[in-house]
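Visitor: I have a few questions about this model. Could you show it to me and take them one by one?

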4 protein chains.
Amino acid sequence: MRFFSDNAAPVCPEILEALARANSVDTAYDGDALSARLDAAFSDLFETEVTALWVSTGTAANSLALAALCPPHGSIICHREAHIQNDECGAPGFYTHGASLLLGTGEGAKLDPEEISRIAGAIRDDVHQMQVHAVSITQASEYGMAYAPDEVAAIGDLCRAKGWGLHMDGARFANAVAHLGCAPADITWRAGVDMLSFGCVKNGAMSAEAILLFGDAREKAEEIRFRRKRGGHLLSKGRYLAAQILAMLEGDLWLDNARAANAGAALIAEAAPDRLVHPVEANEVFIRLSSEEAAGLRAKGFDFYDWGEGEARLVTGWNQDAEAVRPLAQAIAAL
Amino acid sequence: MRFFSDNAAPVCPEILEALARANSVDTAYDGDALSARLDAAFSDLFETEVTALWVSTGTAANSLALAALCPPHGSIICHREAHIQNDECGAPGFYTHGASLLLGTGEGAKLDPEEISRIAGAIRDDVHQMQVHAVSITQASEYGMAYAPDEVAAIGDLCRAKGWGLHMDGARFANAVAHLGCAPADITWRAGVDMLSFGCVKNGAMSAEAILLFGDAREKAEEIRFRRKRGGHLLSKGRYLAAQILAMLEGDLWLDNARAANAGAALIAEAAPDRLVHPVEANEVFIRLSSEEAAGLRAKGFDFYDWGEGEARLVTGWNQDAEAVRPLAQAIAAL
Amino acid sequence: MRFFSDNAAPVCPEILEALARANSVDTAYDGDALSARLDAAFSDLFETEVTALWVSTGTAANSLALAALCPPHGSIICHREAHIQNDECGAPGFYTHGASLLLGTGEGAKLDPEEISRIAGAIRDDVHQMQVHAVSITQASEYGMAYAPDEVAAIGDLCRAKGWGLHMDGARFANAVAHLGCAPADITWRAGVDMLSFGCVKNGAMSAEAILLFGDAREKAEEIRFRRKRGGHLLSKGRYLAAQILAMLEGDLWLDNARAANAGAALIAEAAPDRLVHPVEANEVFIRLSSEEAAGLRAKGFDFYDWGEGEARLVTGWNQDAEAVRPLAQAIAAL
Amino acid sequence: MRFFSDNAAPVCPEILEALARANSVDTAYDGDALSARLDAAFSDLFETEVTALWVSTGTAANSLALAALCPPHGSIICHREAHIQNDECGAPGFYTHGASLLLGTGEGAKLDPEEISRIAGAIRDDVHQMQVHAVSITQASEYGMAYAPDEVAAIGDLCRAKGWGLHMDGARFANAVAHLGCAPADITWRAGVDMLSFGCVKNGAMSAEAILLFGDAREKAEEIRFRRKRGGHLLSKGRYLAAQILAMLEGDLWLDNARAANAGAALIAEAAPDRLVHPVEANEVFIRLSSEEAAGLRAKGFDFYDWGEGEARLVTGWNQDAEAVRPLAQAIAAL
């Protein structure tokens with residue numbers, strides 16, 4: 001059984017069905033009936049007016065959002081473990097036309113206002129340095145931890161006070177909401193988030209993510225539409241992306257899938273309380289594991305990534321709920 | 001019945017089946033078993049070693065190819081009706097970091113060596129002007145015409161002699177091959193084409209196109225892989241793109257679909273020989289049509305785009321073969 | 001005697017003296033006392049509040065201005081003979097991060113509202129095409145013709161109505177003002193110009209040009225300062241640029257130099273009324289000249305550029321007034 | 001007396017004289033007789049074939065060199081105190097079209113092979129991360145320390161082994177050579193340096209720096225010429241830049257000026273041996289200084305920058321030799 005990545009999981013059946021249902025003649029690009037329903041669907045979910053644009057990757061979602069928040073000569077503060085820094089081959093620099101990422105540290109790959117202020121404080125206020133224009137945080141974080149509503153709000157307050165934009169990389173937003181049990185609004189626009197990359201692919205979709213714009217940031221929609229086209233991200237049969245996203249929202253599939261993955265991770269965590277490197281709040285488990293122990297698990301058919309010396313990362317997908325991961329949990333407990 | 005665009009057609013059933021078949025756990029990004037089969041599949045089809053990379057849009061395919069062929073300070077010659085000039089919101093300029101398009105003219109949206117030489121000849125050989133580095137032609141052209149093998153070869157010879165790269169936008173490559181009855185190799189690498197955007201979406205796929213690299217251009221694969229990731233075009237569940245493309249190639253589905261669409265266009269053309277603006281060689285029909293006539297057709301349920309004053313464009317999809325379009329053909333003949 | 005370019009002329013003595021006078025310790029970059037005087041000096045000259053920034057080339061001035069007026073996904077309308085199109089190796093595309101130039105035609109390398117509207121009218125209002133954001137005109141034009149105040153105003157009105165920015169490439173602005181006898185304000189902000197590249201180098205300076213911002217465009221100064229630094233155009237000893245510009249303005253040296261150059265061009269024009277390709281309104285003379293005639297003039301020591309088949313371009317510098325060019329005028333008259 | 005920056009010093013008289021001597025008609029851009037002499041002059045100095053290009057700022061020199069060494073999707077390793085990171089507003093990111101800087105640490109703002117290897121070792125070898133393509137070191141460093149020939153060679157060996165380019169920011173190259181007493185070749189091409197930004201402005205020039213290309217890197221000259229034009233850095237009266245650079249090289253003015261500045265710094269260092277934060281090897285002195293002491297020195301007319309808490313930076317210019325700075329040295333000794 002594989003625990004490499006939630007990207008390795010198959011597509012969940014409701015998504016495949018939605019694709020089949022969408023399979024008729026309609027207008028090309030984003031002029032179709034399904035794409036037209038996205039704003040309303042997300043506005044319902046987030047209890048406010050939302051402008052939503054589909055794209056096919058999280059990297060595109062993050063980069064297009066950041067390009068709308070930061071000029072080429074500006075900087076964006078993020079955690080040094082952030083996906084936009086470590087896993088996107090400089091896509092934010094490409095889409096922003098050269099803006100730089102300023103890297104912070106913090107437990108569990110989370111930033112806090114003090115660290116953000118420290119980083120910003122090191123930038124001289126002159127034209128010789130790239131000034132801060134935005135902050136990007138990841139929910140749930142790269143280490144599977146969630147920002148509580150008040151933690152996001154504290155960062156949001158700082159951004160508002162400074163005039164910076166606030167972006168949230170929500171590749172695992174669903175897992176964070178499932179853990180926190182809060183309203184999606186509580187950790188986004190109510191807490192000062194301007195733009196959210198709402199992830200679907202790691203949560204069971206095939207190839208659709210959504211860029212969500214809240215409040216004044218909705219005025220950037222037009223610009224982002226041009227940037228999306230220019231980035232080659234306006235699919236001509238975009239209705240198949242909209243169909244995936246709508247299927248995700250329907251009947252709270254997005255939350256059900258995330259809850260299943262979280263439950264799988266929780267069971268693994270329960271089996272190894274003393275091995276945990278970070279608290280398990282989403283669908284990622286980081287454990288201390290000797291190379292012999294790792295070899296032992298692999299010999300039993302469990303695959304996963306080593307995560308530096310003596311550690312391992314185990315990620316559960318929407319189809320790896322508690323029941324599905326029980327054999328792994330037992331194998332770890334038995335080490 | 002709609003004749004707006006082959007992008008408006010549904011996905012053909014073989015593609016949906018291939019997506020369902022692909023629906024299991026596999027490695028993320030392009031490390032999966034299906035993606036690994038692409039090079040061989042295209043090498044078979046093109047009778048030479050081909051390196052193939054999937055992307056989800058033709059704009060991405062074109063732009064990534066051009067960025068590998070032309071530096072930021074260079075120019076690319078194309079027809080002034082080319083998709084890369086008129087319909088991609090400057091994506092080639094984005095991906096090349098500012099290269100310019102030099103626009104030529106020519107019957108049926110086709111270029112020839114004389115026109116290309118004329119354009120290049122107007123560029124002074126000094127640092128004050130952006131020097132030509134590549135040519136991009138469209139097969140079939142924006143006006144639905146095909147370059148014969150010797151026409152491509154003449155352009156290829158010029159490019160070789162000048163040291164320029166030659167890119168082919170093959171959004172409707174299948175329709176051109178179906179019309180010409182030649183081997184795919186005859187109008188690509190054998191004729192000097194370095195890179196081909198091999199279109200699938202207009203031909204029945206959902207969201208997959210392929211960038212094909214021939215000969216020495218295969219050395220650019222590594223660079224393009226980085227540019228693809230950086231452009232946000234490395235889908236994490238890339239196997240669903242590979243699955244679409246492999247399904248297209250299997251049993252010559254790509255040719256069957258194109259032949260069907262071409263046949264539909266041919267039937268419309270037969271019904272209106274005196275109205276044709278361009279010879280019909282692929283799946284696009286441009287006809288002279290008064291606004292009253294257009295209104296009459298629309299009243300009968302046929303939808304299509306006006307194409308300037310007194311002209312109309314009718315595009316047939318993979319599912320609009322001769323039988324399917326007969327009512328339109330009869331309605332036009334009856335005008 | 002050389003009539004290749006006003007760039008080939010030496011630096012005028014007042015400029016060298018100003019450099020010597022500026023030669024003392026002062027603050028680096030643009031924090032010095034001379035740079036601080038630019039806004040006031042230009043505000044006096046233009047009878048309105050002006051924000052002025054020095055750079056060392058006209059290409060930098062034009063590109064920085066355009067980058068502040070047009071987003072990466074936008075277009076700028078200019079004449080197809082414009083310097084920004086033909087002689088800057090794509091610098092506007094570099095500084096705007098990919099905006100495209102839309103090329104118009106017009107007598108004497110001048111645009112008019114009809115042509116501008118025609119070009120803009122060909123752009124579909126959708127995300128597939130780069131929308132117009134600015135117009136750039138050249139004063140005096142590439143063919144040595146001046147836009148009268150009402151001609152600029154007509155373009156300015158169109159730009160205001162459309163919400164486009166209006167940039168003026170004034171590499172030979174002085175020559176235009178000397179010809180028109182108007183106030184500088186009349187052909188700039190009063191006529192709707194937002195940004196002016198105020199040329200000095202072709203008019204006797206060594207290495208200084210000014211970007212002038214009028215009205216609301218002054219709010220872009222901060223952004224341009226960052227872009228200037230980022231482009232490597234914030235000279236650390238910037239006071240020597242400011243010194244040149246201030247010397248140009250002092251005692252109307254800029255106008256005196258331009259009048260001298262214009263007078264030289266006028267005398268040549270008088271000697272060849274039947275040969276003129278364009279009316280001579282600045283310091284450039286375009287004449288019909290057979291290759292034998294050209295060879296004859298060259299044999300007498302007059303150097304200049306051929307300008308296509310059977311034509312020649314003669315440009316006079318600040319040091320080539322009527323008296324200085326009399327031998328050439330006589331030689332042409334004697335042909 | 002001001003010790004803010006060597007940029008604040010006046011231009012040295014030989015430079016002004018050279019400008020006056022150059023003041024005659026010549027070909028525009030870099031086609032003039034003076035520009036044509038640069039390659040030979042630098043080839044003599046460096047005892048090898050050198051291709052030299054003038055620009056007007058160190059930021060332009062650094063950025064153009066780096067853009068020729070690193071693709072948009074690559075990374076450049078430099079010290080976290082490097083000018084290209086801290087003082088150029090992201091110009092390298094602009095000119096490279098988005099390459100990132102990877103920041104190292106090291107005593108005296110110097111890198112060594114171990115640190116460089118450590119940084120490179122943290123980059124995964126896949127398309128998700130920007131791969132290392134070049135290293136940039138500063139000679140003398142931001143803290144006024146020089147790399148000895150063997151120190152450069154050790155880095156050069158690593159770069160060769162890895163296939164990376166090696167760039168040297170030589171804004172204060174002269175001061176390093178003056179300190180080391182070595183041949184310029186010993187710390188450049190003989191030690192593996194591909195490109196050098198040869199600084200003149202901090203050393204008494206007005207507005208000229210040189211990009212020097214050694215060995216195989218000379219093949220990049222053509223590309224850099226296009227990039228220079230495109231960046232707006234091809235001055236039309238470029239001969240006045242060439243004149244400055246040639247004057248610098250003539251009679252070893254560049255070394256004499258640097259020796260004078262170094263001697264000034266050395267005298268200050270002698271006066272405060274216990275206060276030194278870094279060894280003084282060039283023309284910068286970093287000393288521990290309480291705020292009361294700083295105020296005391298300022299009250300006596302000595303100006304300089306605070307450098308963090310309890311430290312100060314004193315920079316000497318070409319005109320601040322030992323004799324000139326004696327009053328400051330005495331004032332510091334008397335603290």
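Visitor: Where in chain D is D:Gln129 placed?
Guide: The model is a predicted one. Here helix 7 (113-121) comes before the residue and strand 4 (131-138) after it. D:Gln129 therefore belongs to neither element; its place is in the loop between helix 7 and strand 4 of chain D.

Visitor: Is D:Gln129 buried or exposed?
Guide: The cut-off for buried is under 20% relative accessible area. D:Gln129 has 9% relative accessibility, so it counts as buried.

Visitor: Which backbone atom does the side chain of D:Gln129 reach?
Guide: D:Gln129 is in contact with D:Ala122, D:Ile123 and D:Arg124, and also with A:Asn86, A:Cys89 and B:Phe226, leaving aside neighbours within four places in sequence. One of these residues supplies the backbone atom. At 2.7 Å, the side chain reaches the backbone nitrogen of D:Arg124.

Visitor: Which residue makes a polar contact with the side chain of A:Thr51?
Guide: A:Thr51 sits in strand 1 (residues 50-55) of chain A. Beyond four places in sequence, A:Thr51 touches A:Asp39, A:Ile211, A:Leu212, A:Leu213, A:Arg218, A:Ala221 and A:Arg225. The polar contact is between side chains, at 3.1 Å, and the partner is A:Arg218.

Visitor: Is A:Thr51 buried or exposed?
Guide: Under 20% relative accessible area means buried. A:Thr51 is at 6%, so it counts as buried.

Visitor: Is A:Glu270 buried or exposed?
Guide: A:Glu270 lies in helix 12 (residues 253-271) of chain A. Its C-alpha atom is 34 Å from that of A:Ile77, which is 193 residues away along the chain. The cut-off for exposed is over 50%. A:Glu270 has a relative accessible area of 61%, so it is exposed.

Visitor: How many residues of strand 5 of chain B are buried?
Guide: Take the strand, residues 165-170, face by face. In a regular strand the side chains alternate between the two faces of the sheet. On one side B:Gly165, B:His167 and B:Asp169 are buried, and on the other B:Leu166, B:Met168 and B:Gly170 are buried. The count of buried residues is six of six.

Visitor: What is the bridge partner of B:Ile137 in strand 5 of chain B?
Guide: Strand 4 (residues 131-138) of chain B runs parallel to strand 5 of chain B. Five bridges join the two strands. In one of them, the partner of B:Ile137 is B:Met168.

Visitor: Which are the edge strands of the open sheet in chain D?
Guide: The sheet has three strands in the order 8-10-9, with antiparallel pairing. Strand 9 and strand 10 (residues 311-315) of chain D share two bridges. D:Tyr305 has D:Arg313 as its bridge partner in strand 10. An edge strand pairs on one side only, and here the edges are strand 8 (284-288) and strand 9 (305-306) of chain D.

Visitor: Which residues touch the most other members of the largest nonpolar core?
Guide: This core has 142 residues. B:Phe198 gives a view of the packing: its contacts beyond four places in sequence include B:Phe42, B:Leu45, B:Phe46, B:Phe173 and B:Trp254. Another core, of 140 residues, lies apart from it, with C:Ile137 and D:Ala18 among its members. In the largest core, the residues touching the most other members are A:Phe42, A:Phe198, B:Phe42 and B:Phe198.

Visitor: In chain B, which C-alpha is nearest the axis that superposes chain B on chain D?
Guide: A rotation of 180° with 0.0 Å of shift along its axis lays chain B on chain D, with an RMSD of 0.0 Å. The two copies are thus related as by a two-fold rotation axis. The C-alpha in question is 3.4 Å from the axis and belongs to B:His97.

Visitor: What share of the contact residues of chain B recur in chain A?
Guide: Chain B can also be laid on chain A by a turn of 180° and a shift of 0.0 Å along the axis, at an RMSD of 0.0 Å. In chain B, the C-alpha nearest this axis is that of B:Gly231, at 3.4 Å. The same surface serves both copies, and the share that recurs is 100%.

Notes. Residues are numbered from 1 along each chain as its sequence is written. Chains are lettered from A and ligands numbered from 1 in the order in which they are written. This is a predicted model: local features need pLDDT of at least 70, side-chain atom pairs count only at pLDDT 80 or more; totals for chains, interfaces and linings use all residues. Side-chain values use heavy atoms; hydrogens and water are left out. Copies are superposed by least squares on the C-alpha atoms of residues with pLDDT of at least 70 in both. Two strands pair if DSSP finds at least two bridges between them. Helices (H or I, at least four residues) and strands (E, at least two) are DSSP runs, numbered from the N terminus. A nonpolar core is a set of buried Ala, Val, Leu, Ile, Met, Phe, Trp, Tyr and Cys residues joined through side-chain atoms within 4.5 Å. Buried means under 20% relative accessible area, exposed over 50%, partly exposed in between (1.4 Å probe, protein chains only). Contact means heavy atoms within 4.5 Å. A polar contact is a pair of N or O atoms within 3.5 Å; within protein, one must be able to donate a hydrogen and the other to accept it, and residues adjacent in sequence count only if both atoms are side-chain atoms.
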